[in-house]
Structure formats: C-alpha cells, structure tokens
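Open the structure in your viewer and get your selection tool ready. We will go from stop to stop, and at each one you will learn what to select and what is there.

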Amino acid sequence: MKPVSLIQFLIEERRAGHINAELSLLIEVVTRACKRIAVATSKGALGGVLGNAGSDNVQGEAQKKLDVISNEILLEANAWGGHLAACASEEMEDPQPIPDMYPKGNHLLLFDPLDGSSNIDVNISVGTIFSVLRCPEDVTEPKVEDFLQPGTQQLAAGYVVYGPATLLVLTFGHGTHEFTLDREVGSFILSRRDIRIPEQTAEFAINMSNQRHWEAPMQRYVGELLAGKEGPRGKDFNMRWVASMVADVHRIITRGGVFFYPLDAKIKAKGGKLRLMYEANPMAFIVEQAGGAATTGRERIMDLQPTGLHQRVPVFLGSKGEVEVATRYHREADVAFA
Ligand code: AFP
C-alpha cells in the first residue's frame, strides 16, 4: 500500500467536505510545531532542556523547561500562520491574541503544550494535546467567553505523543486516525485509519494512591475490578498508570482499556484534576470518534457548558462498556442518596 502522508490525508478530507482549506492549513502549522517539540524533547540532558524552569504556571504548578519551550514553539508557529483569531494554553492565564502585524483567521486553538511533563526528567512519554473551535462571527479580539464552547463544537482535536515513536492521533469528527512521524523524511505518515476501541476491556488506569479519597461509587467500581473473577464482575482486570494522560489514552486507543481521573475529596474544591478545554474535551472527541465513551462519571464530557478556560472536571474515558458501568454506579448512588 502506498504510504499516505498527512498532507495527502488533509487534501482527501477537504475533497470529502469534512474540513475547509483554513482548518487544513492550521493542522499543518500545529503538527509542524509538534515536530520541533519532538526534536527538543528527544535531546534530553544533551539539550539542557531537563529540569524546572524556575517559574509556576497559571495552575500554580512548577513549570518544566520543556513546558515553556513547547508553549513558545506553538505560540510562535501559530502567530504568523494566519489561521487563528487567538489561542489559549495550559501555561497561560489568558487567551493569546494574534499580533496585529500578522493576518488573522477564523479559528480558536487550545492546547496543553506538554502533557505529563512531570515525567520528562525520567524519560517517560509525554505529549501535546490540542482542540480547535470556530471563532464566533464578527469577533476580532476574542475574549475568554468566546472560547467557552461545549466539546461538541470542536472542529478538530488531536494529540502528539513523544515516545519511542512520535505519533499523531487526529479527528475532524469523521473517525479517528493515527500518523507516525517518519523521522528520515520528516513527515507524518498514516499508520492507522478509522481506529476502533474495543467495547469491552479487562484493563483499567487510575492513580490508586488516591483510593482513600474517592467517592463511594468509585470505591465500589474499582473494588469489583480488583475482586476479579471471584467477584461480581466474574473476570480478572489488569491495571496500568503512566501519569501522562496522552500515553494512557494512546494505550487505550491502541488496545482498549478505561481511564479514570475521578473526583475525590482532595480535589473536590477544584472540580477535578484534568482540564476540560485542552485535556478532557479533545480526548473525549478522539475517543468517541473511535467508538469509545467519555463522561465525568455523571454527564457526557462533550455536552458540558464550560465556565472557565482552566476549568477542571472528572474524567472517565475509553472502552464504552466499562465507562457505562462506572457512570451507572455514580448515577445510581446519586439517586439513592438524593
Ligand atoms: P503534568 O502535566 O503536571 O505531569 O500532569 C499530568 C496530568 O495532567 C495527566 O497527564 C495525568 O493523567 C495526570 O496529571 C497524572 O496525575 P497524578 O500525578 O495524580 O498521577
């Protein structure tokens, strides 16, 4: 089979009427920037890019040098690209306008420039997660409220995982597709088209160290998984936790599984750990387009009306069968204790 490059794939998507020329060019700009981030992360200590940057981000978290470098690479590339009205990042409090000297476009871009960065110094896979929205008509200086659109309004979502191979996973709402970076040629090549996540799975991902803080329905659900075939679920389950959402989600996109970052007493006041606009929404779009499901434990993530740029939500995503069981346990508990 003749290899299909990302550029060819984007042309096919345009001919199919799934995307317009501007969105196609925007994805080219974002993925080109991710190739530069792949080079930066692969240098490790030799590039002097490991360790802390000595500053905190808007979430009050210590920034890694590569958080800052990745953020700057994406900002710079998208500033002159001409396809954006503005962008927003995990690393910045407010939306970043496009400098007046550059042409503006009709799209809004949100991104987590380097997800899992606390793993970078120990050489575990990290990634970039992005989501694209339409800029509301007649808005030339987008404000925060212009970004606060439900996940169902996403025009595109994707992530690039910087691991043994550099992989791009992308959706425009017409299936989810994977591309592998051919480092010799410097191009992303289609490696899996129309990915399907198995509905059933025997593999779950959660940070078990938070167990004592979980709500009762989460205790019940995970307790049953751990009880294995002698328990009410009648089968054994295995566990994985990389603590890089991109790596955990990519495993699920590849062989099925279910991922949880539930609400717990420690993070209840914040509403969750993971961010809705540039982690949960893009991953939910990608997973749903691959036949999986994504909820907060109570609601479909992509139906949520966002209230803040850095809003946090609980995340249950992956193989439909297990997301439905865990969500049902939470809804039943809410009814029982209502
Ligand atoms: P960092 O980007 O600060 O490393 O956080 C990674 C993350 O947002 C997500 O990628 C992981 O799934 C989750 O946090 C890991 O959380 P724990 O540190 O609680 O395991």
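Start by selecting the ligand: it sits in the largest pocket. Keep in mind as you look around that this is a predicted model.

**Stop 1: around the ligand**

Which residues come nearest to the ligand? Of the 15 residues around the ligand, select D115, S118, W241, M245 and Y261, which come nearest. The shell around the ligand is a mix of 6 nonpolar, 5 polar and 4 charged residues. Now colour two strands, β13 (258–261) and β14 (274–275): each supplies at least two residues of this shell.

Next, show side chains and look for oxygen atoms of the ligand. In the side chain of Y261, an N or O atom is 2.5 Å from an oxygen atom of the ligand. For N207, the distance from an N or O atom of the side chain to a ligand oxygen is 3.1 Å. Then pick K273, where a polar side-chain atom lies 3.4 Å from an oxygen atom of the ligand. How much of the ligand does the protein bury? Taken alone, the ligand exposes 480 Å², and the protein buries 84% of that.

**Stop 2: the largest pocket**

Hide the ligand for a moment and look at the space itself. The largest pocket holds about 450 Å³ of space. It is lined by 24 residues, and G116, S117, S118, K273 and R275 are the closest to its centre. Select β2 (62–64), β5 (107–115), β13 and β14, since each of these strands supplies at least two residues of the lining. Which strand gives the most? That is β5, with 3 residues. Colour the lining by residue type and you will find 8 nonpolar, 6 polar and 10 charged residues.

**Stop 3: the second largest pocket**

Move on to the second largest pocket, with a volume of about 320 Å³. Of its 18 lining residues, select T41, S42, I120, N123 and Y162, which lie nearest its centre. Helix α2 (residues 21–43) provides the largest share of this lining, 3 residues. Here the lining divides into 9 nonpolar, 7 polar and 2 charged residues.

**Stop 4: a cavity**

Finally, select I206, N207, N210, W214, F260, Y261, P262 and D264, which line the largest cavity. Its volume is about 30 Å³. Among these lining residues, 5 are nonpolar, 2 polar and 1 charged. You have already met N207 and Y261 beside the ligand's oxygen atoms.

Definitions and conventions. Residues numbered from 1 in each chain as written. Predicted model: local features only at pLDDT ≥ 70, side-chain atom pairs only at ≥ 80, totals over all residues. Heavy atoms only, no water. Near = heavy atom within 4 Å. Polar contact = N/O pair within 3.5 Å; in protein donor to acceptor, adjacent residues only side chain to side chain. Areas by Shrake-Rupley, 256 points an atom, 1.4 Å probe, with all protein chains shown as cover. 1 Å grid on protein atoms, 1.4 Å probe; cavity = no way out; pocket = protein on both sides within 12 Å on 5 of 7 lines; lining within 4 Å. Sits in = over half its atoms within 2 Å of the grid points. Helix = DSSP H or I, 4+ residues; strand = E, 2+ residues; numbered from the N terminus. Nonpolar A, V, L, I, M, F, W, Y, C, P; charged D, E, K, R; others polar. Points joined across faces, edges and corners; volume = space filled by probe spheres on them.
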